[in-house]
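Visitor: Please take a close look at the aromatic rings in this protein and at what surrounds them. I am in my first year, so keep the steps in order.

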Amino acid sequence: MNIGFINDSRQRLIISLGLHSAAIIAFQLSLMQLISIVQWHHFAYMIISVAMLGFGASGTLLALAREWLLKRSGWIVPLLITSSGMFMTIAFQLTRLEYFRFDVYLLFVERSQFPILAANYLIYFIPFFTGALAIGILFIKHTAQIGTYYFSNLLGSGLGGLLVLLLFGNVFPQQIPPIIGLLSVAAGLLGSTKKHISLNLVIGGVAVITAFMLIRTPGEVPVSQYKSLSRTMNLPDAEIVKRKADIHGLIEVVESPALRFAPALSLGFAGEVPVKKNVFVNADFYGVIPLFSKDQQTHILDHTTQALPWRMQNRYKVLMLNANAGAPLAHAFIHKPGQVDAVIANRGVVRMMQTDFANESGSLFLHENLNVYQVEPRNYLASKPPQGYDLIVLPQQDAFGGTAGINALQENYAMTLEAFDLMWKHLRPEGAIAVTTWLDYPSRTSLKLLATIVQTAHNNGITEPDKHIAAVRSWGNITFVLKKSPLSHQEVERIRTFCKEMFFDPLLLPGLQPEERQTYNMIGNEDFFHYVDGILAGKPAIIEDYGFMIHPATDDKPYFAQFLKLSQLRRLSETFGGEQLPFLELGYLIVIVTLVQSTILAIIFIILPLLRLRKSYRSKKGTLIYFATLGIGYMFVEIILIQRFVLYFGQPVYAISAVISTMLIASGAGSLLSGKLPATPKHPAIVGAIITFFLLGYTLFLTPILQGSIASTLPLKIIISLLLIGIPSFFKGMMFPLGIRFLSGYDATQVPWAWGINGSVSVISTSLAMLIAVEAGFRVVMGVAVMCYAIAFLVFSFHKLFFRKTHTRCHSRIVATALSRGLGTQNDRWHRTSNCEP
C-alpha cells in the first residue's frame, strides 16, 4: 500500500511537471507575440531574457536555501506551480494598466520610461521565477531520477510549443495567457497532497475565476502610439471593421474616410485619390484592400515610379513577391498580363481577401489569371524550376519618412544576394526585376538596394551593369529595374517620356546626363549622386567608407534593414546628435540595451548571490565551465536551426514551433535514456564529442542538404527535418542530466549552483547570438556553439583538472550524505574513491 502510494505520488508529480513545463513555454511564446503587437518584435528578446532570468534566479535561491526548500518541497512545489499559473493569468493585464505602459520610442528621450520598463521586467519575471523554482526543487530532490524528470520537463515544453501554435490560429492573443495559466493551475492542484491542498484550492479558484473573466471580456491590446495602427486610428471616424486571429499574427482592417492610398504620387496627378481600407498585422501596416474592376483602365500606381517596368514594355508572365493585400496585383492586371503568380505568406489575409472582401476587391484574389502561393518568397524561388518570367516585382521597401531602423534585426530572405540570384534564374532573356523604395535621409535603403542589384549583375556575368539598370526618382520614391539583357534604345526613350509626363527624374539610365537628374525634384545634398555613381562603377571604397552599413545582405546575414556600424557610433553621434541617433537605428540599439540590461540583472540576481556560497564548495571550475557552455551552446544552436528551417519550410511560425518542439521532445528522450548510463566522467565526454561532431558537420553541410531537398514533398521534408533536428537534440538532452548526476556525487551542494549558472548564461545568450549574427553572420554563431560543446567535452575528458579537491580532508562524508538523500546511485562509486586523499 505504502509503495503504491509513493509510486502514485511520483507519477502525479511527473505529470504535473510536464503540464507546468508546457504552460511555461506556451506562456513565453504568447508573450512574445503580445509584445510584438504592443511594441515591435525586437522586444521578443526581452521576454526570452526575462524567462531565462527567472530560471537563473531560481537556481540562486535554491543554492542559498537548499535545505529549507527541500524539507518543505511537499507543499512548496505545488504552491509555486499554482502561483505561477495565477501570475501567468494576470501578468499581461497588469502591464496594460496606465502606470506600467512604456513605449520603445520614448526610452531614449524620457528617463521615466526606464523605471516603467523595469516594472515590466519584474511583472513578467514573477511567473517564470516561481515556475522555474518549482522545477528546480523537483530536479534537485530527485537527482537520482533526473533523466525521468528532465524528460517530463522537455516533453511538456515541446508539446507546449505545439499547443500555442494551435491557440494562435483560433484565439485572440490577449486571451491566450489566461488559458495557459489554467494549465499550470491544474498542474499545481494535481501535484498537491490532501494535507496541503487547501491553499492551492484558494489560489486556483481565484485564478480560474480571473481567467474566465479575461477570456470572456479580453479588452483591447494597448498598442504603442507610434505604431501604424495607432496613428491610423487617430484619423477622423476611423473604425476597425474586421479583426481576425491568425497564426501569422492579429489581422485588423481599418476604415476611415481619410484613408487614401497614394504612395509618392506624381506632382502632376489631377485626379481623385480613392478611399481604401487598410490592413494591419500585429498593428503594423500590411497593405490596402484594392478597389479592383476588370473594366478598369488605369490605377493610382500608374502615377508613381512603380509604373516604370510596365512603361518599358508589355509583360505577359509576372511574379509578384509579397503581394500583401493585393494593391500590386490590381496594378498588374490593369496592364493585361496573361499570367500573374503572387507569393503571399500570410494565409489569413489570403482567405480574408477571397471571402470577406471578395466583392469589395472585385474578386481580385479569385481572378482566372492569378495563381496564389502561400509561402515565403525564398521558398517559392528555391523550390520551382526556372519559370521564364517577364517581370518579377518586389514589395516597396522602407516607409514614408523612414522606419527609425525598427526593422533592423528582422530577417528578410527575399532581399539577400542569394534571393536576387534565384530571381535572375527565373527571368526569361528579356525579363527584369523591379523594386521600389521610399527615399530616406541619410540615404541607406536606396544605396543598399543599388549595391545589391549591381552585385547581382556581377554575380551573373554582367560586366557593365550600367547598361542593364534603370532607376527613376520622384519626390518620395525610387524605382530600380534590373534587366537581364541590355536596355534597348526604345526602352530608354520610353523611360525618358515617362519621366517627363509624371515630373519624375531619371537617376540611372544609359546615356544619362548629370543635369537630367534634377529637373523636377531637387535634392539638398548632391553627395547622393556621388555614392550612386560609385556603387554603379563597382568601387568598393564607396561602400566600405560610407557611414552606414550598405553592403548587400546575404543568407548568412539576412538583415537588409540593418545599417548601423558599431565602429561609426561616435562619428554618427557627432554628426546627428546623441539624441537623434537612436531614431536612425532604433532596432539594433534596442537589442544592445536588452543585452546590457539582461547582463546586469543576471549579475544582480544570480552571480552576486552565488558568490556568498564560495567557501562552502569544492572546486567549482568544472561546474562553471560545463554548465555555462551547455546554456550558450543550446541556445545558439536553436537560433541557427530556426533561421535555416524558416527558409526550408517557407512558413516562419511553423518553422519556429517545429524546431523548438522537436528539439525539446528529442532532448527529453535523450534525457530519459541518460538515466541508464553510469554517472562517470566517461559518458558526458563521449556524448559531448558526438554533439561536437554533428554540429561541425552541420556547419559545413546543413545548408547544402536543405537547399538540395527544398523542392521535396512536405512529408519528406518533415522526415528530413525530424532527423536533422532530432538526432543532435537527442544527444544534447543527455548532457545536462549526466552533468547533474555526476555533480550530485562530487558535491551535491553545487547542483543548484549549476542550475543558476545555466540559467544566467541563457539570459544573455539570445541577444548575444543576434548581435553576433548581425556583425559576423550565422556561421560564426554556429562556430561558437561548436566550441561550447567541444569545451564541455574537454571538461570531462580531463576531469581531474576541473573537478578536484580544494581541501585535504576526505570528501566521502559529503558523498555519503548525498547518497542517503537520494542524490546519487550505485553508479557513483567513482566519486567515493576519487575525492579522498591517498
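Guide: A charge is said to sit over a ring if NZ of Lys or CZ of Arg is within 6 Å of the ring centre and within 35 degrees of the ring normal. The model you see is predicted. With that rule, take Lys717, which lies over the face of Tyr648, at 5.0 Å from the ring centre. Another case is Lys317: this lysine lies over the face of Tyr389, and here the distance to the ring centre is 5.3 Å.

Next come rings that pair with other rings. Searching the whole structure gives 23 aromatic pairs. One of them is formed by Tyr626 and Phe796, with ring centres 4.9 Å apart and planes at 85°. Planes over 60 degrees apart count as edge-to-face, so this pair is edge-to-face. Where do Tyr626 and Phe796 lie? Tyr626 belongs to helix α21, residues 621–649, whereas Phe796 belongs to helix α26, residues 778–797. The pair therefore ties together parts that are 170 residues apart in sequence. Are Tyr626 and Phe796 buried or exposed? Tyr626 is buried, and Phe796 is buried as well.

These two rings also have further company. One aromatic cluster is formed by Phe139, Tyr150, Tyr626, Phe627, Phe736, Phe742, Tyr746 and Phe796. Phe736, a member of this cluster, also takes part in a contact between two helices.

Two packed helices are described by the angle between their axes and the distance between the axes. For helix α24 (residues 714–747) and helix α25 (residues 751–776), the angle is about 145° and the axes are 9 Å apart. On the α24 side, the residues in contact are Phe736, Ile740, Leu743, Ser744 and Asp747. On the α25 side, they are Val751, Ala754, Trp755 and Asn758. Sorted by type, the residues of this contact are six nonpolar, two polar and one charged.

Helix α26, which holds Phe796, is also the place of Leu794. Leu794 has a relative accessibility of 37% and therefore counts as partly exposed. The C-alpha atoms of Leu794 and Ala685 are 6.9 Å apart in space, although the two residues are 109 positions apart in sequence.

A similar kind of reading applies to Gln145, in the loop between α5 (113–141) and α6 (146–168). Its relative accessible area is 31%, so Gln145 is partly exposed. From Gln145 to Gly675 there are 530 residues in sequence, but 6.8 Å in space, C-alpha to C-alpha. Across the protein chain, residues 24 or more positions apart account for 79% of the contacts with a separation of 6 or more.

Aromatic residues also appear in helix α17, residues 527–536. Its buried residues are Phe528, Phe529, Val532, Gly534, Ile535 and Leu536. What covers them includes the helices α15 (445–459) and α18 (540–545), along with the strands β10 (469–473), β11 (477–483) and β12 (505–508). Just after α17, Gly538 takes a positive phi of about 75°.

Helix α15, part of that cover, leads to one more aromatic residue. Tyr441 is joined to Pro442 by a cis peptide bond, with omega at about -5°. Pro442 is in the loop between β9 (427–438) and α15.

Two other loop residues are worth a look for their backbone angles. Ala283, in the loop between β3 (278–281) and β4 (284–288), has a phi near 70°, a positive value in a residue other than glycine. Ser363 is not a glycine either, and its phi is positive at about 55°; it sits in the loop between α12 (347–354) and β7 (370–373). Ala283 has 0% relative accessibility and so counts as buried, while Ser363, at 30%, counts as partly exposed.

To place these details in the whole, the protein chain has 29 helices and 12 strands. Of its 838 residues, 60% count as buried.

Technical notes:
Residues are numbered from 1 along each chain as its sequence is written. This is a predicted model: local features need pLDDT of at least 70, side-chain atom pairs count only at pLDDT 80 or more; totals for chains, interfaces and linings use all residues. Side-chain values use heavy atoms; hydrogens and water are left out. Rings of Phe, Tyr and Trp (its six-membered ring) pair if their centres lie within 6.5 Å; planes under 30 degrees apart count as stacked, over 60 as edge-to-face and the rest as tilted. Helices (H or I, at least four residues) and strands (E, at least two) are DSSP runs, numbered from the N terminus. Buried means under 20% relative accessible area, exposed over 50%, partly exposed in between (1.4 Å probe, protein chains only). Axes are lines fitted to C-alpha atoms, for helices over the stretch in contact, and angles run from 0 to 180 degrees between N-to-C directions. Contact means heavy atoms within 4.5 Å. Ala, Val, Leu, Ile, Met, Phe, Trp, Tyr, Cys and Pro count as nonpolar, Asp, Glu, Lys and Arg as charged, and the others, Gly among them, as polar.
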